[in-house]
Amino acid sequence: MSYDVEAVRSCFPALRAGTAHFDGPGGSQVPEQVAAAVAATLTAPIANRGRVTAAERTADDVVLAARAAVADLVAGDPGGVVFGRSATSLTYDLSRTLSAGWGPGDEVVVTRLDHDANVRPWVQAAHARGATVRWAEFDPATGELAPEAVGGLLSDRTRLVAVTGASNLIGTRPDVAAITALAHDAGALTHVDGVHLTAHAAVDVAALGADFYACSPYKFLGPHCGCLIAAPALLDTLHPDKLLPSTDAVPERFELGTLPYELLAGTTAAVDFLAGLGGPEGDRRARLEVGLAAVEAHEDRLRERIEDGVRSLPGVTVWSRARRRTPTLLLTFAGRDATDAYRFLAARGVNAPAGSFYAIEASRWLGLGDAGGLRVGLAPYSDDSDVDRLLGGLAEWLAA
């Protein structure tokens, strides 16, 4: 299907300010439909969830709709969708719950490619229980994380493998299904950080082999909150600390208090917006698959334009090199500070930030230290004029 980027852009009030946004990996802009859903929920009669009063039913309906929407987005089970403040907070909560059964001799595998939100919670939980942390390393020359790099670390004492669906720093999309298959053969659970992947591709958590899958609506055009998806039967085996009178039902036992109903309404609206990109035919999951395939093709075309453009500029190194990757480029400049490029572009209405973006292990492994580089990330609303402004701004800065 054709992708009408102008129609998409018309739905985003923030774009009317004229800024070219390449900062989507740090948080996307929001369409009017999402803002309207948040506002409508805030101004509706609402109470804690229940089915007796109209206000209670409003809250309950919002939660159930959001669970169904996120389940459609990742091909999961609505009964296994947990909401929280952020993917990071949900991962910390899960790490504390899972690690309650760990001890000396147990092992956890994390990777050098991951965002720190899928590293530090597991490292800290393992250390607290006396378990061993093993590190899977990616190839700095190619940006690839080979399944064998994880498989070679597994043993019958491996309790969990944590791996990213896509690097938020260099875009690498490792073969998650192959990695999780190796983990399962060893008897380990898997936690997949899908925060960056979910914004750019159709996800099927079962096909990925993810026992636990985390994502964040604010990366895929929604509000600031987090989601954790797992099979309800698996969640039922886990018992997090919670308040005495709070329900023991799944998934509510993991949500630790009243949910932000307005943000969940916005999450549903964001999923519906993405589904709308797939046209009117089919159920929501089918439309999401079509719409996200169109987004992926659009973003990849723009990514190739940027790659071709920056490689013609003097002294530019492109660190995003994996065969399969999201439209996310990390750039450094010989003898120049990427932060200066960030500021130069920002003054000209082009947002492309610099740093390591919490992927601190990956940045250090590439030899870039904590400074990282300039990150250029595309989104569904990016267009060719944005790319022209970025390339023109970089050329002007390098020539100065």
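**W122**

I began with the side chain of W122, which makes a polar contact of 3.0 Å with the side chain of N118. The model is a predicted one, and I read every value below in that light.

I placed W122 in helix α5, which runs over residues 120-129. Is W122 buried or exposed? I found a relative accessibility of 0%, and the cut-off for buried is under 20%, so W122 counts as buried.

Next I listed what W122 touches beyond four places in sequence: T91, L94, S95, L98, W102, V108, V110, L160, A162 and H191. I checked A162 separately. A162 is 40 residues from W122 in sequence, yet their C-alpha atoms are 8.0 Å apart in space.

**Helix α4**

T91, L94, S95 and L98 came up as contacts of W122, and I noted that these residues are also on the list of buried residues in α4. The full list for α4 is A87, S89, L90, T91, L94, S95, T97, L98 and S99. I recalled that an α-helix has 3.6 residues a turn, so residues three or four places apart point the same way.

What covers the buried residues of α4? I found that the cover includes the helix α5 and the strands β2 (81-84), β5, β6, β7 (212-215) and β8 (226-230).

I then checked the length of α4. Its 13 residues should span 18 Å at 1.5 Å a residue, and the end C-alpha atoms are 18 Å apart, so the two agree.

**T111**

I moved to strand β3 (residues 107-111), where T111 is found. T111 has a relative accessible area of 1%, and is therefore buried.

I looked up two polar contacts of the T111 side chain. One goes to the side chain of D114 at 2.5 Å; the other goes to the backbone nitrogen of L113 at 3.1 Å. Leaving out neighbours within four places in sequence, I have T111 in contact with V119, W135, A136, L145, A162 and V163. A162 is thus listed for T111 and also for W122.

**Largest pocket**

I took the pockets next. The largest pocket holds about 390 Å³ of space. It is lined by 23 residues, and T88, H115, Y218, K219 and Y358 are the closest to its centre.

Which element supplies the largest share of this lining? I found that α4 does, with four residues. Both α4 (87-99) and β6 (189-193) supply at least two residues each. By class, I recorded nine nonpolar, nine polar and five charged residues in the lining.

**Second largest pocket**

The second largest pocket has about 320 Å³ of space. I noted 13 lining residues, with R49, T247, E252, G257 and T258 nearest the centre. The classes in this lining are three nonpolar, five polar and five charged.

**Cavities**

How many cavities of 30 Å³ or more are there? I have three. The largest of the cavities contains about 50 Å³ of space. Its lining consists of H115, T164, A166, N168, D193, V195, H196 and K219. I sorted these into two nonpolar, four polar and two charged residues.

H115 and K219 line this cavity, and both are also among the residues closest to the centre of the largest pocket.

**N168**

I followed N168 out of the cavity lining. N168 lies in the loop between β5 (158-164) and α7 (176-185). Although in a loop, N168 is buried, because its relative accessibility is 8% and the cut-off is under 20%.

The side chain of N168 reaches the backbone oxygen of F357 at 3.0 Å. Not counting residues up to four places away in sequence, N168 touches P25, H115, H196, T328, F357, A359 and R375. I noted that H115 and H196, two of these contacts, also line the largest cavity.

**Helix α3**

I finished with helix α3 (residues 54-74). At 1.5 Å a residue its 21 residues should span 30 Å; the end C-alpha atoms are 31 Å apart, which agrees.

Which residues of α3 are buried? I listed A55, A59, D60, V62, V63, A66, R67, A69, V70, A71, L73 and V74. The list includes D60 and R67, which count as charged by class.

Just after α3, I found A75 with a positive phi of about 55°.

Conventions
Residues are numbered from 1 along each chain as its sequence is written. This is a predicted model: local features need pLDDT of at least 70, side-chain atom pairs count only at pLDDT 80 or more; totals for chains, interfaces and linings use all residues. Side-chain values use heavy atoms; hydrogens and water are left out. The expected span of a helix is 1.5 Å times one less than its number of residues. Buried means under 20% relative accessible area, exposed over 50%, partly exposed in between (1.4 Å probe, protein chains only). On a 1 Å grid over the protein atoms alone, a cavity is a set of points where a 1.4 Å probe fits but cannot get out, and a pocket is an open set with protein on both sides within 12 Å along at least five of seven lines; lining residues have an atom within 4 Å of a point. Grid points are joined across faces, edges and corners, and a volume is the space filled by probe spheres set on the points. A polar contact is a pair of N or O atoms within 3.5 Å; within protein, one must be able to donate a hydrogen and the other to accept it, and residues adjacent in sequence count only if both atoms are side-chain atoms. Contact means heavy atoms within 4.5 Å.
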